[in-house]
Protein chains: 2
Amino acid sequence: MKFNLQTRWNDHTPLYIQLANRLRDGIHEGQIAYGDALPSERVLSELTGTSRVTIRKALDQLVDEGLLLRRHGSGTFITPRPEQPGTSLSGFSADAVHCGQAPGSIWLVKMVSVATVDEAAVLALSAGTLVARLARVRIADEEPLAIEHAIVPVAMLPSIELISDSLYAALDHHGNRPSNGVQKIRASLATPIEAGLLSIKEGAEVLRIERRTFLADGTPVELTRSAYRGDRYEFVADLRDWCENS
Amino acid sequence: MKFNLQTRWNDHTPLYIQLANRLRDGIHEGQIAYGDALPSERVLSELTGTSRVTIRKALDQLVDEGLLLRRHGSGTFITPRPEQPGTSLSGFSADAVHCGQAPGSIWLVKMVSVATVDEAAVLALSAGTLVARLARVRIADEEPLAIEHAIVPVAMLPSIELISDSLYAALDHHGNRPSNGVQKIRASLATPIEAGLLSIKEGAEVLRIERRTFLADGTPVELTRSAYRGDRYEFVADLRDWCENS
DNA sequence: CAGTGGTCTAGACCACGGC
DNA sequence: CCGTGGTCTAGACCACTGG
């Protein structure tokens, strides 16, 4: 194993975090092939001069992230297909950081205008409501990943200029963090304009997501329509507490 | 604390799982008020006659589930607002009924076979595990809507013949109803075979969903890969209780 | 069978919170 | 200051995998 597993104990970030980071980097840099087995926990423990419990905690993290896969009695393996997880309830920047990709964005539109009839209907606004209109191309790892078009009633967001990277951070700042919402997800094909912005072919597959969010009292906060590149993005939904079903 | 923390060691489910379950029940039954503090880890450890590490692992679970909240130097608290985190999920039949469409299906495959390497890896099964393989075309309103391909370890489903319409009903019948899982959703294009089965054009957009589900103790129950017609299906995710994000 | 991950223990020291 | 959670250790036994 050519992992660099040196840890610096002057820096007082926990050992298991340092180890997890170094392993993650090693995996992303391809120092171990996908599907291969990691050294056993006992070996790693010896290699790094830490206890097995600490190694386990580091591995736990990577397993949670979907990078590793444990098989009882057999070993710990790099997940065969590298995945692009996204969390069901997070905004874009958080997703990107979580995956170790450098987030970025290019502004297309940043203005105040009147909600269209369609938008007003979907968000249950009265006709003619003023909204901030925020459209961006989202970048990850220096490649376009998605087009995002958000509509927010100006009442929710007095100062449109304050939005730097994160819409939710700005909303939070005004005490208007949404508390619930609905997302609709469907498969579709890229329009010529979208294809250009996303650097994909016209007619390539895209994932369209429409998100509506609300304050706890039901006041609409946001309507975001996005188109994600089908070849680079995967929507991950965490399923807890099953309901009645099929 | 009026928790019933007795554990039975004959039943050999891990101690920390038993403890987590008992605590969760106690909380749900309201034996501790929302917002109140739990006994300290050291006290719990003494109360239950287990080590602090084990208590921590049990608490870790409940923290993950959003039931508990830790504050360094202060204590561990029941999360103030009872939450229903994550995305609620339903199987196919429930979805269809919910939309007022007549559900139906055509069996493509219904057999027992060996898990492929890929399947075994994704479900964390050991190589060569026997699985029931269930593939169907799902119909709604007399038109094909999706292709569904489910894999279930035979241990979960002794009698493959019992599956009539609903996989979950059959699992439930054996006491193996999954309690949690993950879904991955991405946009893609229909292969020629899929196009034929779904009555759409080759290269038309489809929504691919991969669902993995597990028992409460983490035992894998099901791996289902589906392809939904992009022009007829939309995945709806309910967002409750926002997390930290972008 | 030997080797793997899964669980568990009984200690230890640290960093933080609140009195 | 004491009590809290956060981290870490060294060792143990079990259950499982695979040859």
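Which residues of α1(A) are buried? Hi everyone, let me start there. This is a predicted model, so please hear everything that follows as computed from that model. The buried residues of α1(A) are Leu15(A), Gln18(A), Leu19(A), Ala20(A), Leu23(A), Arg24(A), Gly26(A) and Ile27(A). As for what covers them, the list includes α2, α3, β1 and β2 of chain A. For anyone who likes to see the pattern in that list, an α-helix has 3.6 residues a turn, so residues three or four places apart point the same way.

A quick geometry check on this helix, too. Helix α1 of chain A covers residues 15–28, and at 1.5 Å a residue its 14 residues should span 20 Å. The C-alpha atoms at its ends are 20 Å apart, so the expectation and the model agree. Just after α1(A) comes Gly30(A), with a positive phi of about 75 degrees.

While we are in chain A, let me stop at Thr48(A), which sits in helix α2. Is Thr48(A) buried or exposed? Its relative accessible area is 16%, and the cut-off for buried is under 20%, so Thr48(A) counts as buried. Its side chain reaches the backbone oxygen of Ser45(A) at 3.4 Å. That side chain of Thr48(A) also makes a polar contact of 2.8 Å with the side chain of Thr50(A).

Now to the DNA, beginning with strand C. There are 26 residues surrounding DNA strand C, and the closest are Arg52(A), Arg56(A), Gly73(A), Leu15(B) and Thr54(B). Of the strand C atoms that come within 4 Å of the protein, sugar and phosphate account for 60%. Here are some individual distances. The side chain of Arg52(A) has an N or O atom 2.7 Å from a base nitrogen of DNA strand C. On the phosphate side, a polar side-chain atom of Tyr16(B) is 2.9 Å from a phosphate oxygen of the strand, and for Thr54(B) the corresponding distance to a phosphate oxygen is 2.4 Å.

Which elements give two or more residues to the surface near DNA strand C? From chain A they are α2 (41–48), α3 (52–64), β1 (68–71) and β2 (75–78), and from chain B they are α1 (15–28) and α3 (52–64). The largest share comes from α3(B), with 4 residues. By class, the surface near strand C has 5 nonpolar, 12 polar and 9 charged residues.

On to strand D. DNA strand D is surrounded by 28 residues, with Leu15(A), Thr54(A), Arg52(B), Arg56(B) and Gly73(B) the closest. Here sugar and phosphate make up 65% of the strand D atoms that come within 4 Å of the protein. Two contacts go to the bases: a polar side-chain atom of Arg52(B) lies 2.7 Å from a base nitrogen of strand D, and a backbone N or O atom of Gly73(B) lies 2.7 Å from a base nitrogen of that strand. For the backbone of the DNA, an N or O atom in the side chain of Ser40(B) is 3.5 Å from a phosphate oxygen. The elements giving two or more residues to the surface near strand D are α1 and α3 of chain A, plus α2 (41–48), α3, β1 (68–71) and β2 (75–78) of chain B. With 4 residues, α3(A) gives the largest share. The class split near strand D is 5 nonpolar, 14 polar and 9 charged.

Let me finish with the strands of chain B. Why is β5(B) described as largely enclosed by the rest of the structure? This strand runs over residues 143–153, and 9 of its 11 residues are buried, so the description follows. Antiparallel to β5(B) is strand β4 of chain B, residues 130–140, joined to it by 10 bridges. One pair to look up is Arg136(B), whose bridge partner in β5(B) is Glu148(B). The hairpin of β4(B) and β5(B) has 2 residues between the strands, and there Asp141(B) takes a positive phi near 55 degrees. Strand β8 of chain B, residues 220–229, is also antiparallel to β5(B), with 6 bridges joining them. In that pairing, Ile147(B) has Ala227(B) as its bridge partner in β8(B).

One last stop: Ala127(B), in the loop between α5 (117–123) and β4 of chain B. Ala127(B) counts as exposed, because its relative accessibility is 71%. Its C-alpha is 8.4 Å from that of Val114(B), 13 residues away in sequence. Thanks, everyone!

Key: Residues are numbered from 1 along each chain as its sequence is written. Chains are lettered from A and ligands numbered from 1 in the order in which they are written. This is a predicted model: local features need pLDDT of at least 70, side-chain atom pairs count only at pLDDT 80 or more; totals for chains, interfaces and linings use all residues. Side-chain values use heavy atoms; hydrogens and water are left out. A residue is near a molecule or strand if one of its heavy atoms lies within 4 Å of it. A polar contact is a pair of N or O atoms within 3.5 Å; within protein, one must be able to donate a hydrogen and the other to accept it, and residues adjacent in sequence count only if both atoms are side-chain atoms. Ala, Val, Leu, Ile, Met, Phe, Trp, Tyr, Cys and Pro count as nonpolar, Asp, Glu, Lys and Arg as charged, and the others, Gly among them, as polar. Buried means under 20% relative accessible area, exposed over 50%, partly exposed in between (1.4 Å probe, protein chains only). Two strands pair if DSSP finds at least two bridges between them. The expected span of a helix is 1.5 Å times one less than its number of residues. Contact means heavy atoms within 4.5 Å.
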